[in-house]
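Biologist: I am new to this one, so I would like to ask how each label is earned. Could you show me the structure before we start?

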Amino acid sequence: MQTLVRAIQRILGTEKNVECSEDGGLHITQSGAEYEELTRSGYSFSCISSTTAAGVVALPTTAAQLSIWNSADDGGRSIIIDALFAVNIVNGATLGQAGLIYVLGQTRVASNAGTLVPRKLNGKGPGSDTVALCGDSGTALDAVTGVAIGWTPIGPSVNVSVVSLPGLVLWAPIDGRLIIAPGHLLGINVMTSNVENTWRAGAMWHEKQITLV
Amino acid sequence: MQSVINAIQRILGTEKSAHATESGELLVTPSGAKFEEITRGGYSFSVITTTATASLVALPTTAAGIGLWNSAPDGGKSMIVDAIFAIHIVGEATLNQAGLIYYMGSGREAALTQALIPRKLNSLGPNSDTVAICAAGGAIMTSGAATSWVPIGPTANISLVSTPGAILWCPIDGRLIIPPGRQFGVNVMCNDVTNTFNCGVMWHEKQLTLV
């Protein structure tokens, strides 16, 4: 049996056939921005470290500018990463370059006892009903998650054009490429040319009950 | 037969007809991040070399900074490339500019030597059920030729010599698919071979009919 799909024309309120291309591709148009529905639903959050810290000049192990631990029980909500970022607060007296790196733990580990308060991205208040515990810079990752071979670059690097001045922003859209399972930990840091360059690192994510396999 | 599509409104729980534009385009709204369902499914992986390799000042032939080989039998799972990347870890004494290049084999090729362990991007453990054989850098692209290496993604610059921090990152979003039996390589084209990079790949695996 075949069915011709019809829909109600917005505003006009009349029925119309949904159309397709010559080769059968269904024509669609987004009725919202890419993240609009996720943000609306109240489980989209952002958090940035509150302590400015130096970037690293070699791949770290347990050192992170920000860590996010999923406090849910096994089978509970997952943390789906939407973006990672960092802002350069103080710049050193030399030119240089910097880029984001992350490490995603592969096993359940102990809590990072994070105390940073995430903010809801729909503006409905901080820290409401999130499973994320966010550890500030200086909160070491556990030794199983924090291994040099696990740190991975992500997003483009940026360059300093004027010394001793801030203004660099690192921004990597993740779009769900990384998911923190219950009990697992994510660490974020900045790889840079000079430890005089200091940063605050952060993440945007949404939370959802999904079956990870 | 014609039917208007109805769906249940989230939260409200009431039935509502799907809407279209005046010209008949179905209106849709994503309810997940672009890669969320792919990552959830457990076949998304990432791997990066543990030893940096020298970048190239000319298009290579067989030399790759990292190599992947799809170990599936013909008709088996494909590897859909989501991103490729490289990081400059040890700085050298020259300023530089660098960009990613890749090689995609066009016929069944010999297996590479497994040396690197992929990590699952949904965090549920390393190396679970992947068809990828991930090899360290070297002269490993069996059929590689200068004409088969292709630039991809933006160039990055180093502003201060002898320091690390440059990252090359290129979202591929499925533009490249490694079929069973094919080799795939990533390398960095740069102005000075003294600059070394660790190269990596993100991908997911799926049973596809490639035609």
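Biologist: Which elements of chain B have the lowest and the highest mean pLDDT?

Modeller: Bear in mind that this is a predicted model. Among the elements of chain B, strand E1 (residues 2-4) has the lowest mean pLDDT, 88, and strand E8 (residues 63-70) has the highest, 98.

Biologist: What makes chain B as a whole usable for local features?

Modeller: Local features need a pLDDT of at least 70. In chain B, 100% of the residues score at least 70, and the chain averages 92. For the complex, the predictor gives an ipTM of 0.83 and a pTM of 0.90.

Biologist: Thanks! What are the two chains built from?

Modeller: Chain A has 1 helix and 15 strands, while chain B has 1 helix and 16 strands. The C-alpha atoms of chain A fill a box of roughly 65 × 45 × 35 Å along the principal axes. For chain B, too, the box is roughly 65 × 45 × 35 Å.

Biologist: With so many strands, what makes a group of them in chain A an open sheet, and which strands stand at the edges?

Modeller: Follow the order of the 5 strands, which is E10-E6-E14-E8-E11, with antiparallel pairing. Strand E10 (132-135) and strand E11 (152-159) of chain A each have a single partner strand, so one side of each is left without a neighbour in the sheet. The twist from one strand to the next averages 20°.

Biologist: How do you know that E8 and E14 of chain A are paired?

Modeller: Two strands pair if there are at least two bridges between them. Strand E8 (residues 97-104) and strand E14 (residues 185-192) of chain A are joined by 7 bridges and run antiparallel, so they pair. As one example, Leu100(A) has Val190(A) as its bridge partner in E14(A).

Biologist: Which strands pair with E10 of chain B?

Modeller: Strand E10 (residues 96-104) of chain B pairs with E13(B) in the antiparallel sense over 7 bridges. There, Tyr103(B) has Trp149(B) as its bridge partner. E10(B) also pairs with strand E15 (residues 183-190) of chain B, again antiparallel and over 7 bridges. In E15(B), Gly99(B) is bridged to Met189(B).

Biologist: What makes strand E3 of chain A and strand E5 of chain B a pair?

Modeller: The same cut-off of at least two bridges applies. Strand E3 (residues 28-30) of chain A and strand E5 (residues 26-28) of chain B are joined by 3 bridges, so they pair, and they run parallel. Thr29(A) has Leu27(B) as its bridge partner in E5(B).

Biologist: How many residues does each chain bring to the contact?

Modeller: Chain B brings 57 residues and chain A brings 66. On the side of chain B that touches chain A, strand E13 (residues 149-158) of chain B gives the most, with 4 residues. By class, that side has 27 nonpolar, 22 polar and 8 charged residues.

Biologist: Which residues have the most contacts inside the largest nonpolar core?

Modeller: That core has 101 residues, and Leu84(A), Leu100(A) and Leu168(B) have the most contacts inside it. Strand E9 (residues 78-88) of chain B supplies the largest share, 7 residues. Beyond its neighbours within four places in sequence, Leu168(B) is in contact with residues including Phe85(B), Leu100(B) and Val188(B).

Biologist: Why is Asp175(A) called buried?

Modeller: A residue is buried if 20 or more other C-beta atoms lie within 10 Å of its own. Asp175(A) has 21 C-beta neighbours inside 10 Å, so Asp175(A) counts as buried. Asp175(A) is in the loop between strand E12 (169-173) and strand E13 (179-180) of chain A. Asp175(A) also has a positive phi of about 55°, although it is not a glycine.

Biologist: And why is Asp173(B) called partly exposed?

Modeller: Exposed needs 12 or fewer and buried needs 20 or more. Asp173(B) has 13 other C-beta atoms within 10 Å, so Asp173(B) falls in between and is partly exposed. Asp173(B) lies in strand E14 (residues 167-178) of chain B, and has a positive phi of about 55° although it is not a glycine.

Biologist: How much of each chain is buried by that rule?

Modeller: In chain A, 48% of the 213 residues count as buried. In chain B, buried residues make up 49% of 211.

Key
Residues numbered from 1 in each chain as written. Chains lettered and ligands numbered in written order. Predicted model: local features only at pLDDT ≥ 70, side-chain atom pairs only at ≥ 80, totals over all residues. Axes fitted to C-alpha atoms, helices over the stretch in contact; angles between N-to-C directions. Contact = placed C-beta atoms within 7 Å. Nonpolar A, V, L, I, M, F, W, Y, C, P; charged D, E, K, R; others polar. Core = buried A, V, L, I, M, F, W, Y, C linked by C-beta atoms within 7 Å. pLDDT = per-residue confidence, 0-100.
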